[in-house]
Amino acid sequence: MKAMDQASITFTSRSANEGFARACAACFAAQLDPTLDEVADIKTAVSEAVTNAIVHAYPDCLGKITLRLRLFEGGVLEFQVRDSGVGIPDVDQARTPLFTTGGEERSGMGFTIMESFMDGLKVRSQPGKGTVVTMRKRIARRAGVSK
Amino acid sequence: MPITVTSRDSELTIALSGEIDHHAARELMAQLDQTVAERLPAHLVLDLSGVTFMDSSGIAVLLRARRQLGHNGGVLRVANIPAQARRVLDAAGIGRLISLE
């Protein structure tokens, strides 16, 4: 499936960039005139994915994170967060609610929220190579709005 | 993150504001830890009316506050929850652990 539009940003794994990343995702989605709830869902899910990369992919150093945004036919948005960090040894375990290796500062609910707020979530990871989180959300067409 | 602390009888209210993400959470946890340790409230209300964004980092903040209070027998309530934060809390099922108003 060919993307109708796309954008990509690469940033350093500093926590200050969490807000920057979710704002970029919301701005890209704005071309579909989403509802406030849809924008909130996108910002929340992207924030979770980027935070995971910042906290877990590069635990002892700074690295690069790429957020790729794509728009497909039918109002489908794709948000892909890619890092080249330590990877996830067991993705199924990582996706289990309340599971975290981040201590008291993390709740272990990041993937649960991504799944709840998006229409699709795929996680590919290779220890030592990095992780790619791909999320899709369809923005409903509203009466009187052409997309 | 600025917090506002008010108290009445045995109830302490802490109003949070701004965006609660991982970037803000560490400092916020430290502020709440210090306030709870100093005041030892029997009832703590976290007022989220000024929170403009919250992700699962905010859940960790609430769970930590609940744990800190529990050490001294205190009880936590979360009040005035904006819609976006409510959706995050509901998705995580936090209402089973903390009183959400």
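Colleague: How many residues of chain A are in contact with chain B?
Modeller: Keep in mind that this model is predicted. Contact here asks for C-beta atoms within 7 Å. On the chain B side, 18 residues take part. On the chain A side, the number is 21.

Colleague: Which element supplies the largest share of the side of chain A that touches chain B?
Modeller: Three helices of chain A each give at least two residues to that side: α1, α2 (36-57) and α4 (110-117). One of them supplies eight residues, the largest share. That helix is α2(A).

Colleague: How many residues of that side are polar?
Modeller: Six residues are nonpolar. Six are charged. The polar residues number nine.

Colleague: Now the sheet. What is the order of its five strands?
Modeller: The sheet is open, and its pairing is antiparallel. Its edge strands, each pairing on one side only, are β1 (5-12) and β4 (120-126) of chain A. Neighbouring strands are turned by 10° against each other on average, direction ignored. The order in chain A is β1-β2-β3-β5-β4.

Colleague: Which residue is the bridge partner of A:Asp83?
Modeller: Strand β3 (residues 76-83) of chain A runs antiparallel to β5 (residues 130-138) of chain A. Eight bridges join the two strands. In β5(A), the partner of A:Asp83 is A:Thr131.

Colleague: Which helix packs on the sheet?
Modeller: The helix spans residues 17-29 of chain A and touches β1, β2 (64-72) and β3 of chain A. Its direction makes about 175° with that of β1(A). The helix is α1 of chain A.

Notes:
Residues are numbered from 1 along each chain as its sequence is written. Chains are lettered from A and ligands numbered from 1 in the order in which they are written. This is a predicted model: local features need pLDDT of at least 70, side-chain atom pairs count only at pLDDT 80 or more; totals for chains, interfaces and linings use all residues. Two strands pair if DSSP finds at least two bridges between them. Helices (H or I, at least four residues) and strands (E, at least two) are DSSP runs, numbered from the N terminus. Axes are lines fitted to C-alpha atoms, for helices over the stretch in contact, and angles run from 0 to 180 degrees between N-to-C directions. Two residues are in contact if their C-beta atoms, placed from the backbone, lie within 7 Å. Ala, Val, Leu, Ile, Met, Phe, Trp, Tyr, Cys and Pro count as nonpolar, Asp, Glu, Lys and Arg as charged, and the others, Gly among them, as polar.
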